[in-house]
Amino acid sequence: MQPLHRPLTTGVRHDWPDAACVTILTQLRKAMSPTSRILVADMVMHTTVGSNLLKNAPAPLPANYGSASIFKNMQDLAMLALFNGTERTPAQLSVLAERAGLKVAKIWECRSLVSITEMRLS
């Protein structure tokens with residue numbers, strides 16, 4: 001298989017269980033060169049305790065702005081009920097990446113419900 005030299009974008013991770021996500025990411029990793037990146041366009045759950053990969057709300061608000069995250073929580077329940085999938089936190093994304101031989105390099109928060117998660121070879 002020819003190594004990829006440009007970013008590979010995918011956005012189908014949230015409607016798959018963990019084992020299937022690891023399989024997908026592992027197959028993508030096999031096609032990567034040392035300079036390749038995987039860009040995942042999907043929701044990233046921001047918890048009330050925060051994450052060093054996401055921008056936290058200013059105090060005294062919860063790190064995820066509290067009830068402003070309600071739609072993401074509803075979407076998370078829908079993914080679980082419909083596909084046995086989930087919207088994932090940065091920590092959960094990092095675990096999936098590690099299991100596939102990758103690492104989460106950065107998460108770009110966009111002006112929408114979708115974020116861009118960059119994964120690289122570990």
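**Salt bridges, a pocket and a patch**

This predicted model holds three salt bridges.

User: Which residue does Asp18 meet in a salt bridge?
Analyst: Opposite charges are the thing to look for, since side chains of opposite charge can pair when their charged atoms come close. For Asp18, the N to O distance in the pair is 2.8 Å, inside the 4 Å cut-off. The partner is Arg88.

User: Where along the chain do those two sit, and how many residues apart are they?
Analyst: Asp18 belongs to helix H1, while Arg88 is in the loop between helix H2 (70-83) and helix H3 (90-99). So the pair links distant parts of the chain, with a separation of 70 residues.

User: Is Arg88 buried or exposed?
Analyst: Its partner Asp18 is partly exposed, at 37% relative accessibility. Arg88 has a relative accessible area of 1%, and the cut-off for burial is under 20%. That makes Arg88 buried.

User: Which residues are joined into one network by salt bridges that share partners?
Analyst: Start with Glu118, which forms a salt bridge with Arg37, the closest N and O atoms being 3.1 Å apart. That pair also links distant parts of the chain, Glu118 in strand E4 and Arg37 in the loop between H1 and strand E2 (38-42), 81 residues apart. The side chain of Glu118 also meets Arg120 in a salt bridge, at 2.5 Å from N to O. Shared partners therefore give one network, made of Arg37, Glu118 and Arg120.

User: And how is Glu118 placed, buried or exposed?
Analyst: Both arginines are partly exposed, Arg37 at 23% and Arg120 at 30% relative accessibility. Glu118 comes in at 6%, and because buried means under 20%, Glu118 is buried.

User: What is the volume of the largest pocket?
Analyst: Rolling a probe the size of a water molecule over the atoms shows where empty space is left. For the largest pocket, the volume is about 320 Å³.

User: Which residues are the closest to its centre, and what is the lining like by class?
Analyst: The lining of the largest pocket has eight nonpolar, five polar and three charged residues. Of the 16 lining residues, the closest to the centre are Asn64, Tyr65, Ser69, Lys72 and Glu109.

User: What accessible area does the nonpolar surface patch with Leu113 have?
Analyst: Leu113 is in the loop between strand E3 (102-109) and strand E4 (115-121). Leu113 is partly exposed at 35% relative accessible area, so it passes the over 30% cut-off for patches. Together with Ile70, Phe71, Met74 and Val114, Leu113 forms a patch of about 430 Å².

Key
Residues numbered from 1 in each chain as written. Predicted model: local features only at pLDDT ≥ 70, side-chain atom pairs only at ≥ 80, totals over all residues. Heavy atoms only, no water. Patch = residues over 30% accessible without salt bridge, like charges linked within 9 Å, V, L, I, M, F, W, Y side chains within 5 Å. Areas by Shrake-Rupley, 256 points an atom, 1.4 Å probe, with all protein chains shown as cover. Helix = DSSP H or I, 4+ residues; strand = E, 2+ residues; numbered from the N terminus. Buried < 20%, exposed > 50% of the residue type's maximum accessible area, 1.4 Å probe, protein only. 1 Å grid on protein atoms, 1.4 Å probe; cavity = no way out; pocket = protein on both sides within 12 Å on 5 of 7 lines; lining within 4 Å. Points joined across faces, edges and corners; volume = space filled by probe spheres on them. Nonpolar A, V, L, I, M, F, W, Y, C, P; charged D, E, K, R; others polar.
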